[in-house]
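User: I'd like to go through this one a piece at a time. Can we start with a helix and then look at the metal site?

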Amino acid sequence: MDISFQQVGYSYAVGTPFEKRALYDVNGSIASGSYTAIIGHTGSGKSTLLLHLNGLLKPTDGVVRVGDVNITSHTKSKELKTIRKQVGIVFQFPEHQLFEETVEKDIMFGPMNFGVPAEEARTRAHELIKLLGLPEDVAKKSPFDLSGGQMRRVAIAGVLAFQPSILILDEPTAGLDPRGRKEIMELFYTLHKEQNLTTILVTHSMEDAAQYADNILVMHEGRSVLSGTPEEVFSNADKLSEYRLGLPRTVAFQRDIEKLFGKSIGRLALTEDQLAIAVSQALKEEGER
Amino acid sequence: MKEILSLDHVSYTYETEDEKPHKAIDDVSFTVQDGEWIAIVGHNGSGKSTLAKLMMGLMYPNEGKIRVFLEELNDETVWEIRSRMGIVFQNPDNQFVGSTVQDDVAFSLENNGVPFEKMVPRVLDSLAQVQMEEFLDHEPHHLSGGQKQRVAIAGALAMEPQMLILDEATSMLDPQGRDEVIRVVDDLKRAKGLTVLSITHDLEEVLLADRVIVMNEGKVMMTGKPEEIFAHGDVLESIGLDLPFASRLSRELRKHGVNIQGEHMTEKELVNELWTSHFNK
Ligand SMILES: Nc1ncnc2c1ncn2[C@@H]1O[C@H](COP(=O)(O)OP(=O)(O)OP(=O)(O)O)[C@@H](O)[C@H]1O
Ligand SMILES: Nc1ncnc2c1ncn2[C@@H]1O[C@H](COP(=O)(O)OP(=O)(O)OP(=O)(O)O)[C@@H](O)[C@H]1O
Ligand SMILES: [Mg+2]
Ligand SMILES: [Mg+2]
């Protein structure tokens, strides 16, 4: 399902003294089956934008289109039923989506809610507990009696369990240990490829945005201000710094090395592998001269 | 050097309905000196947040003793001790009590009997330090993730604590915001001798610490200076951790036949060596 934003505006608490404009005139489109990263400074509107994608928030102005459903300020909640089944959101704070008595029940809730029989849901839950690197004995524990990173893993499992076709991830690796971070980002990527998921990742890790995304959307003060491939976006260091964003470590290192060489060492290094190859190649050539 | 915190054979098991509950903290001992910056690292569930809660006296060890500011932590001492500590919890939502940002930051000052004339500037200053001065009357629960973390940090700084415990306090900040907050804390350490215990998964932040405590399955696995800890790359990987970017890159470059002599923790050091060995002949 393709997604698009047309002149989307959103205000929290409209008509109260706390009214707060969070989005202004956001535009953009996300192709079915693509991987999009959304980056932006604290408070730039990333989470607010994501919450529009399954109708948890409805735009104050403009239209959010998900597949063939238009979401506007007038859309009724029951019109969003079909979308809710397709769109899985991993929230920024895992505590906001955990609620059942046990981890197992929590993970089973999504699939059962969409009609999957209990036994199958339970099987899925146990598979996911393993896949997300959780200790086997968490199944019967309360999701609130877990460490922060363990809660995060349960929240992710609960979303993957109902097999959405659009996967929305709001800083899914915050709180994960380094191995968990790597493995779970790889897991999302594998699912993205194998099941042709439309994946949207909000992240403060420029490295993850560079490595995984087909496209990047930059948010700044409630507006969509820049979009393009990682190469395009991260070639534009000056623009990014206007939006108080920096370069991925790989690209920043590449720039430092290029200063030494006084010339480019090739395409933008979006992964550590690419960087190591480019730098070693360039040093070899330099040595042979 | 003067001790500010010590744990002596501390163990802790959460009360649950499990038949065989395991120890979240298992025979942990270490000492922190006044003015040190300690990074605590470890896999998810290794016991870091439990340690933080024990140090604050939110619960007491089943075995062993904790001494803070040279006093044993117990029901009699906990309030006085806590009034000299600042903590930022892993989930900022769990620590908000005020209905506005400024009330929230003021709350613990009020509790500690700070007079009103002193309180107001301290609240404003600490919010300004984390760039949240424009949000004074916002509801803390109705902020973005990073803004919540900033307010929680301001709350801890306003206490003017002697010891600051940060439990993944910057995990949702953008890279620039993270650097800013760390700089504020580092300045306080230098200027006022603040002791910092920072629980983090950010290996680049670990490099700023004087000493690192590596937790694994409830036990202390290693302690040492960052460069000592990161010399054990394979061990760290085996317990779910990793090396900083520059060390990882050095390893990769060696695999590609680049001759790198030293162990480099930062990009700057690595670039310097590449410069001296390849260009500066
Ligand atoms: N529930 C709410 N009520 C009122 N204002 C809100 C609410 N949630 C967010 N805001 C405000 O809307 C703006 C955008 O917030 P949002 O959470 O979308 O930012 P973000 O880009 O996700 O930031 P972060 O990287 O810190 O998570 C912020 O200024 C924030 O204070
Ligand atoms: N309230 C609780 N009740 C029961 N067990 C708990 C509770 N909180 C944590 N645990 C368990 O205690 C162990 C240590 O948890 P702790 O929160 O200290 O880990 P952590 O090192 O902070 O992990 P993370 O990096 O994920 O935050 C884990 O096995 C966890 O499941
Ligand atoms: Mg957010
Ligand atoms: Mg923790």
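User: How many Å apart are the end C-alpha atoms of helix H4 of chain A, and what span should its residues give?

Analyst: Keep in mind that this is a predicted model. H4 of chain A runs over residues 118-131, so that's 14 residues at 1.5 Å a residue, which should span 20 Å. The end C-alpha atoms agree with that, being apart by 20 Å.

User: Which residues of H4(A) are buried, and where do they sit around the axis?

Analyst: The buried ones are A:Ala121, A:Arg124, A:Ala125, A:Leu128 and A:Ile129. Since they cover an arc of only 140° around the axis, they end up on the same side of H4(A).

User: What do those buried residues pack against, and which residues are exposed on the other side?

Analyst: The buried residues of H4(A) pack against helix H3 (103-113) and helix H5 (148-160) of chain A. Over on the other side, the exposed residues are A:Glu119, A:Glu127 and A:Lys130.

User: Now the metal. Which residues coordinate the magnesium ion (ligand 3), and how many residues apart are they?

Analyst: The ion is held by A:Ser47 through OG and A:Gln92 through OE1, at 2.0 to 2.2 Å. A:Ser47 belongs to helix H1 of chain A, while A:Gln92 is in the loop between strand E6 and H3 of chain A. That pair links distant parts of the chain, 45 residues apart.

User: Which of A:Ser47 and A:Gln92 is buried?

Analyst: Buried means under 20% relative accessible area. A:Ser47 has 23%, so A:Ser47 counts as partly exposed. With 9%, the buried one is A:Gln92.

Conventions:
Residues numbered from 1 in each chain as written. Chains lettered and ligands numbered in written order. Predicted model: local features only at pLDDT ≥ 70, side-chain atom pairs only at ≥ 80, totals over all residues. Heavy atoms only, no water. Helix = DSSP H or I, 4+ residues; strand = E, 2+ residues; numbered from the N terminus. Expected span 1.5 Å × (residues − 1). Buried < 20%, exposed > 50% of the residue type's maximum accessible area, 1.4 Å probe, protein only. Arc of directions from axis to C-beta. Contact = heavy atoms within 4.5 Å. Donors = N, O, S within 2.8 Å, 3.2 Å for Na, K, Ca; no water.
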